[in-house]
Amino acid sequence: WYQRRVHGDCAVGKLARRFGPIGTLLRGVRGNMDPTWDNVYQNYNGVAGQGVDYLISDKGFVSTTDDISVATGGTFGGNILMMMDASIPDISKGFLRSGAPVRKFSQYPEEAEILLPSNAILCPSPIHNRHPLHVKGKEEYEFIIMYPWDFKKNVPLLLNQSQFNEMMETTRRWVAEQEAKIQEETKRLEEERRKAQLLQQIATHIRLNSVNEEEERLSIIDEQQDEFDQLIKAYRSK
């Protein structure tokens with residue numbers, strides 16, 4: 001069984017690498033999230049300084065889809081909608097970040113199934129990097145996919161607990177650095193937007209002043225024209 005699972009993970013991982021980033025994966029779930037975990041999720045702002053208890057993993061393959069109607073339908077839908085970001089390119093820290101589209105090989109192609117290898121890790125997305133779909137009646141949870149992978153041998157990376165913890169710590173630091181860069185870039189873009197708004201306000205003010213000056217100039221011309229007309233009228237009456 002173990003060898004079959006490893007071979008299956010190899011096939012799924014290689015197919016995922018071939019297709020690369022494929023967007024957002026969806027999975028409907030029935031039930032309720034653990035309240036303690038849910039509290040961590042609702043306030044999760046990055047991996048720095050947090051433990052691994054908030055990660056979700058499954059020993060078996062994880063079936064997902066990119067079809068919202070499948071993920072929320074009567075067969076596979078539930079009160080929970082899990083959204084997994086598979087749009088991020090694979091990173092050099094030893095993790096695969098996508099899934100394998102198996103629609104062509106499936107007995108049910110209408111399910112648009114995208115398969116994740118066994119023991120794929122789902123890391124909650126930070127609160128500032130979430131993009132909810134606001135599907136009515138659904139509790140939505142967003143994740144980033146991580147799956148240990150040996151990119152040189154192109155096979156799953158088999159780790160003991162110590163090696164796994166070390167890899168997770170390295171990845172946490174890397175993700176924290178990326179989140180810091182994202183926040184810094186967000187601040188820079190916000191400052192650029194603020195400057196653009198200020199320049200627009202200045203330009204609008206200048207245009208208004210120009211319009212007011214032009215109206216004042218035309219008003220003076222009208223007054224001068226009236227005075228001139230009155231002089232002509234007076235001259236002709238003599």
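Is S98 buried or exposed? Select S98 and find out: at 4% relative accessibility, this serine counts as buried (buried is under 20% relative accessible area, exposed over 50%, partly exposed in between, with a 1.4 Å probe and protein chains only).

Before going on, some housekeeping. This is a predicted model, where local features need pLDDT of at least 70, side-chain atom pairs count only at pLDDT 80 or more, and totals for chains, interfaces and linings use all residues. Residues are numbered from 1 along each chain as its sequence is written, and side-chain values use heavy atoms, with hydrogens and water left out.

**Stop 1: around S98**

S98 sits in the loop between β5 and β6 (helices are DSSP runs of H or I with at least four residues, strands are runs of E with at least two, and both are numbered from the N terminus). Now show what is in contact with S98 (heavy atoms within 4.5 Å). Leaving aside neighbours within four places in sequence, you should get A16, G20, P21, I22, A86, L116 and I145. Keep L116 selected for the next stop.

**Stop 2: the largest nonpolar core**

A nonpolar core here is a set of buried Ala, Val, Leu, Ile, Met, Phe, Trp, Tyr and Cys residues joined through side-chain atoms within 4.5 Å. The largest one has 32 residues, and M84 and L116 touch the most other members. Two or more residues each come from α1 (2–19), α2, β4 (80–86), β5 (95–96), β7 (113–116), β8 and β9. Which element gives the most to this core? That would be β9, with six residues.

Click M84 next. Not counting residues up to four places away in sequence, M84 touches G23, T24, L25, L26, R27, T64, L116, L122, F143 and I145.

**Stop 3: helix α2**

Select residues 35–42, which make up α2; W37, D38 and Y41 are the buried ones to colour. They lie on the same side of the helix because they cover an arc of only 100° around the axis, the arc being that of the directions from the helix axis to the C-beta atoms. Spin the helix round: the face turned away from the buried side carries the exposed residues P35 and T36. What covers the buried residues includes β2 (56–57), β8 (121–124) and β9 (139–150).

At the start of α2, pick D34: one of its side-chain oxygens reaches to within 3.0 Å of the backbone nitrogen of T36.

**Stop 4: E140**

Move to strand β9 and select E140. This glutamate counts as buried, at 16% relative accessibility. Among its contacts beyond four places in sequence are Y41, L81 and M83, along with P132, L133, H134 and V135.

Now look for polar contacts (a pair of N or O atoms within 3.5 Å; within protein, one must be able to donate a hydrogen and the other to accept it, and residues adjacent in sequence count only if both atoms are side-chain atoms). The E140 side chain reaches the backbone nitrogen of H134 at 2.8 Å, and a polar atom of that side chain lies 2.7 Å from the backbone nitrogen of V135. For a distance label, try E140 to G28: 9.6 Å C-alpha to C-alpha, with their positions 112 residues apart in sequence.

**Stop 5: two positive phi angles**

In the loop between β6 (100–101) and β7, select A112. Its phi is near 50°, positive in a residue other than glycine. A112 counts as buried, at 4% relative accessibility.

Finish with N119, in the loop between β7 and β8. N119 is not a glycine either, yet has a positive phi of about 65°. Its relative accessible area is 29%, so N119 is partly exposed.
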